[in-house]
Amino acid sequence: MTPAHQQTNQSDTVESPSDSEPGAQSIGVHYDTQLPKLPWSRQIQIPLIAALVYTVIRILGPTLRFEVLGWQNAENVYASGRRVIWAFWHRVIIPVVWWRRNCGVVVMNTTAFDGQWTRKVIEWMGYGTAQGSSSRGGLRGLAVMARRIEEGRDCAFTIDGPRGPRYVAKPGPVMLARRSGAPVVVFHIGVERGETFEKTWDHFLLPRPFTKTIMIFAPPIEVPPDADAALLEAKHAEMQKELERVRDIAEGWFGLREAERNAHRAAIGD
């Protein structure tokens with residue numbers, strides 16, 4: 001499996017999105033066939049917003065310059081014959097969607113309005129979706145993800161999504177890890193130049209074109225299949241701690257001296 005970060009210097013042309021693009025039909029999973037009813041004014045916004053966001057990602061993505069630390073953590077999982085459960089903060093979803101595009105990763109996705117246009121975008125970018133949320137079908141979404149792991153696909157969670165609270169991890173990845181045997185790997189992305197929208201619940205990050213980025217992966221978090229409630233809680237706390245650790249390093253990366261960066265590189269690895 002070729003990491004998507006090895007593809008980031010390729011030239012990508014902007015395409016007209018459609019539900020028939022590669023990946024949309026082959027790996028898309030829409031468990032909740034009864035989507036919540038929306039007024040027509042909201043329904044017509046879904047394809048328009050999706051097309052706009054998709055276009056922004058396709059234009060911005062090829063300009064981003066990634067440095068990746070800790071990728072060996074994922075490679076070691078793949079070498080063991082298993083898949084990975086990814087977890088990351090919602091704030092960095094734009095660079096993440098670009099970096100791991102066209103790898104068939106299955107993402108937990110809400111059926112609410114935001115989730116409906118988001119689903120289109122991520123499927124056009126080569127992801128699958130398992131429909132569910134903390135309030136609607138979340139456990140059914142986990143069941144879908146467990147099946148996709150058995151089929152050889154990674155799964156991913158925007159771990160404080162879809163609506164927060166910001167930087168508070170939900171338990172889905174730990175529950176899925178116990179069920180599937182796949183470990184949880186958390187990561188974060190920092191950028192040298194970008195805009196943070198502080199009025200959004202997640203402090204949404206929009207990288208500027210041609211900016212440098214740093215992507216930091218933590219070691220895998222293993223959850224045994226017989227884990228009881230106390231161990232699940234401990235693993236959840238471990239995941240929260242690791243998410244905070246890699247966020248702190250990545251967010252502060254471009255304010256560090258080169259000697260400090262080299263120390264992190266030596267400690268984390270390539």
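Let me start with one pair of side chains: Arg-257 and Glu-260 form a salt bridge, with 3.6 Å between the closest N and O atoms. Please keep in mind that this is a predicted model. Arg-257 counts as exposed, at 59% relative accessibility. Its partner Glu-260 is partly exposed, with a relative accessible area of 30%.

Next to that pair, a word on a group. Glu-67, Glu-258, Arg-261 and Arg-265 are joined into one network by salt bridges that share partners. How many salt bridges does the count come to? The count is 14. I will take two more of them.

One is between Arg-91 and Glu-251, where the closest N and O atoms are 2.9 Å apart. This pair links distant parts of the chain, 160 residues apart. Arg-91 is in the loop between β2, residues 85-88, and α4, residues 93-99. Glu-251 belongs to helix α8, which covers residues 229-252. Is Arg-91 buried or exposed? It counts as buried, because its relative accessibility is 7% and the cut-off for buried is under 20%. Glu-251, in turn, is partly exposed, with a relative accessible area of 35%.

The other is between Arg-100 and Asp-154, and here the closest N and O atoms are 3.9 Å apart. Arg-100 sits in the loop between α4 and β3 (106-109), while Asp-154 sits in the loop between α6 (138-150) and β5 (155-158), so this bridge ties together parts that are 54 residues apart in sequence. Both ends are covered: Arg-100 is buried, at a relative accessible area of 4%, and Asp-154 is buried as well, at 2%.

Now to the strands, and β9 in particular. Strand β9 spans residues 212-217 and is mostly covered, since five of its six residues are buried. Which way does β1 run relative to β9, parallel or antiparallel? Strand β1, residues 65-69, runs parallel to β9, and five bridges join the two. Within this pairing, Glu-67 stands opposite Ile-214 in β9. Glu-67 came up before, as a member of the salt-bridge network with Glu-258, Arg-261 and Arg-265.

Strand β6, residues 184-191, is also joined to β9 by five bridges, and these two strands run antiparallel. There, Val-191 has Thr-213 of β9 as its bridge partner.

To go back over it: Arg-100 and Asp-154 are a pair with both ends buried, and β9 has bridges to β1 and to β6. That is what I have for today.

How values were computed: Residues are numbered from 1 along each chain as its sequence is written. This is a predicted model: local features need pLDDT of at least 70, side-chain atom pairs count only at pLDDT 80 or more; totals for chains, interfaces and linings use all residues. Side-chain values use heavy atoms; hydrogens and water are left out. A salt bridge is a side-chain nitrogen of Lys or Arg within 4 Å of a carboxyl oxygen of Asp or Glu. Helices (H or I, at least four residues) and strands (E, at least two) are DSSP runs, numbered from the N terminus. Buried means under 20% relative accessible area, exposed over 50%, partly exposed in between (1.4 Å probe, protein chains only). Two strands pair if DSSP finds at least two bridges between them.
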